[in-house]
Amino acid sequence: MIKLKYGSLLLLSATLLLPAYSAAQDEEGPSHFSVRTFDIRPGQGDEFRELMGQLVQAGDAAGWQARANYQEVRGQLGTYYSVTGIENFASFDEEFTAPMDEDAWQEWLAAMWKTGRSTSLVVYRIYPELTISAPEDAGPPDLIQLRFTRVYPGKNRAFADWVGNKLKPALEKGGVQSFNFSRAVLGADTNLWISGMRIDNWAAYDEPGPLAHLSDEESAALFEGWDEIVQSTDVRVIRYLPDISTPPEE
């Protein structure tokens with residue numbers, strides 16, 4: 001089982017969103033993670049969380065990969081993310097084994113089906129070189145800011161170079177202590193990147209942003225050529241749900 005650590009990426013990271021979210025990896029962690037997104041019907045959030053808690057408990061007992069779950073709290077409020085690490089793609093060839101007996105599994109699936117409007121599954125590649133790792137003694141983040149960035153076709157390398165050479169050093173200088181970038185590789189537009197940044201509380205948004213230390217000239221230099229690389233961005237905030245996630249191992 002891939003260990004979950006608060007100071008390293010599994011959201012959800014993931015990533016994600018999800019990741020993390022935050023889902024982060026350490027040096028021995030996975031190179032990819034999967035994010036299953038659930039669009040839940042209005043009024044079905046409590047039922048969904050109850051069912052997801054049952055799945056996590058049964059999955060942990062059955063030796064499934066550790067799972068971290070999140071809810072969007074600024075954005076699509078009925079959206080949840082479930083994040084797991086991927087040890088290798090060969091694991092996708094293995095026959096699925098339910099974590100419950102057949103009757104319980106069918107009952108669970110039927111109940112889950114009633115809560116949702118749609119679901120999707122996306123695999124993301126982790127970029128350790130674009131990551132600012134949280135301190136080892138960091139506790140779980142209350143909130144994670146996800147930025148979905150869509151770059152123009154053929155600009156993924158240019159974007160990664162910009163993040164590594166310009167954005168990451170600027171964020172480190174601005175005191176950011178937890179930040180990561182991942183890119184969709186299966187199940188979504190491969191020009192889609194997701195960054196995750198730890199937010200300890202809502203009051204953090206009342207403070208100057210992580211790039212506030214830049215002068216006008218430095219800010220202009222940082223974003224020079226940005227509009228030639230980036231097509232669109234979308235910022236959302238997710239909350240980690242520890243009661244329905246695999247407990248992190250120290």
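Let me begin with the second largest pocket, which has a volume of about 820 Å³, and say straight away that what we are looking at is a predicted model. Of the 33 residues that line this second largest pocket, the ones closest to its centre are V176, M197, R198, I199 and P210. If you ask which elements contribute to that lining, strand 5, helix 3, strand 6 and strand 7 each supply at least two residues of it. By class, the lining of the second largest pocket divides into 20 nonpolar, nine polar and four charged residues.

Now to the largest pocket, for which the computed volume is about 1200 Å³. It is lined by 36 residues, and those closest to its centre are R36, W64, R67, T84 and F96. Here the elements that each give at least two residues to the lining are strand 1, strand 3, which covers residues 79–86, helix 2 and strand 4. As for the chemistry of this lining in the largest pocket, there are 16 nonpolar, 13 polar and seven charged residues.

With both pockets introduced, let me turn to the sheet. How many strands close into the barrel, and in what order? There are eight of them, in the order 1-3-2-8-5-7-6-4, and the pairing is antiparallel. Neighbouring strands of this sheet are turned against each other by 35° on average, with direction ignored.

To take one pair from that barrel, strand 5, residues 143–151, and strand 7, residues 192–199, run antiparallel to each other and are joined over eight bridges. Within this pair, R147 of the chain stands opposite S195 in strand 7.

Two helices pack on the sheet, and I will take them in turn. Helix 2, residues 102–115, touches strand 1 (32–40) and strand 4 (116–126), and its direction makes about 100° with that of strand 4. Helix 3, residues 156–173, touches strand 5, strand 6 (179–186), strand 7 and strand 8 (230–240), and its direction makes about 165° with that of strand 6.

Finally, a single residue, S219, which has its place in helix 4, residues 216–222. Is S219 buried or exposed? The careful reply is that S219 is partly exposed, because its relative accessible area of 27% falls between the 20% below which a residue counts as buried and the 50% above which a residue counts as exposed. S219 and A170 are 49 residues apart in sequence, and their C-alpha atoms are 9.6 Å apart in space.

Technical notes. Residues numbered from 1 in each chain as written. Predicted model: local features only at pLDDT ≥ 70, side-chain atom pairs only at ≥ 80, totals over all residues. Heavy atoms only, no water. Pairing = 2+ DSSP bridges. Helix = DSSP H or I, 4+ residues; strand = E, 2+ residues; numbered from the N terminus. Axes fitted to C-alpha atoms, helices over the stretch in contact; angles between N-to-C directions. Contact = heavy atoms within 4.5 Å. 1 Å grid on protein atoms, 1.4 Å probe; cavity = no way out; pocket = protein on both sides within 12 Å on 5 of 7 lines; lining within 4 Å. Points joined across faces, edges and corners; volume = space filled by probe spheres on them. Nonpolar A, V, L, I, M, F, W, Y, C, P; charged D, E, K, R; others polar. Buried < 20%, exposed > 50% of the residue type's maximum accessible area, 1.4 Å probe, protein only.
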